[in-house]
Amino acid sequence: MIRKSLAVLLFAVMLAPAIAWAQDAKAFLGDWVLTVEGRRGPQDRPLTIKEDGGKLSAVMGGGRGGDVTITDVTVKGNEATLKWSQDMQGNAIPVVMTLTLKDGALTVKQDMANGQFSQNGTGKKKG
């Protein structure tokens with residue numbers, strides 16, 4: 001009996017982070033419009049965050065090179081982090097975008113080239 005109870009407890013402890021992740025991620029899923037300040041002023045960029053088989057991914061549109069598929073997406077609490085490499089004149093530049101959710105809206109912070117360039121913005125659910 002003790003062995004069975006211990007196994008159930010261990011399983012619950014192992015499952016807790018997955019349940020928390022699913023609850024945290026749920027608020028970020030769907031279609032968003034990000035407005036990010038750029039060199040030429042504010043730019044609207046569509047962003048879709050989805051979950052497939054327990055793995056998060058995203059697609060961001062609106063850039064010169066077309067849609068960007070992002071497979072490194074993590075969510076913890078009210079913060080989602082998206083990481084990808086962006087091609088700039090033949091060089092792969094690392095990009096980290098942090099989305100902070102508050103009252104149904106997003107605050108956007110994007111760092112490129114390991115923090116050498118930053119952009120800020122906002123986001124709202126589409127529709």
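Five strands each put at least two residues into the lining of the largest pocket in this predicted model. Here they are, with their residue ranges:

| Strand | Residues | Share of the pocket lining |
|---|---|---|
| S1 | 30-38 | at least two residues |
| S2 | 41-52 | at least two residues |
| S6 | 79-88 | at least two residues |
| S8 | 105-112 | at least two residues |
| S9 | 117-125 | at least two residues |

So much for the strands; now the pocket itself. Its volume is about 940 Å³, and 25 residues line it. If you want to find the middle on your screen, look for Arg39, Arg64, Gln86, Met88 and Met112, the lining residues that lie nearest the centre. What's the mix of classes in the lining? You'll count eleven polar, seven charged and seven nonpolar residues.

Next, zoom out to the sheet. Nine strands make an open sheet with antiparallel pairing, and going across you meet them in the order S4-S3-S2-S1-S9-S8-S7-S6-S5. Which strands sit at the edges? They're S4 (68-70) and S5 (72-76), each with pairing on one side only. From one strand to the next, the twist averages 25 degrees.

As a general point, strands of a sheet pair through backbone hydrogen bonds. For a close-up, take S1 and S9: they run antiparallel and are joined by five bridges. Val33 stands opposite Lys124 of S9.

Finally, how far can you trust the picture? The chain has a mean pLDDT of 84, with 82% of its residues at 70 or more. Residues 6-21 are another story: pLDDT stays under 50 there, and the model has four contacts beyond four places in sequence for this stretch. Where pLDDT is low, don't read the predicted coordinates in detail.

How values were computed. Residues numbered from 1 in each chain as written. Predicted model: local features only at pLDDT ≥ 70, side-chain atom pairs only at ≥ 80, totals over all residues. Heavy atoms only, no water. 1 Å grid on protein atoms, 1.4 Å probe; cavity = no way out; pocket = protein on both sides within 12 Å on 5 of 7 lines; lining within 4 Å. Points joined across faces, edges and corners; volume = space filled by probe spheres on them. Helix = DSSP H or I, 4+ residues; strand = E, 2+ residues; numbered from the N terminus. Nonpolar A, V, L, I, M, F, W, Y, C, P; charged D, E, K, R; others polar. Pairing = 2+ DSSP bridges. Axes fitted to C-alpha atoms, helices over the stretch in contact; angles between N-to-C directions. pLDDT = per-residue confidence, 0-100. Contact = heavy atoms within 4.5 Å.
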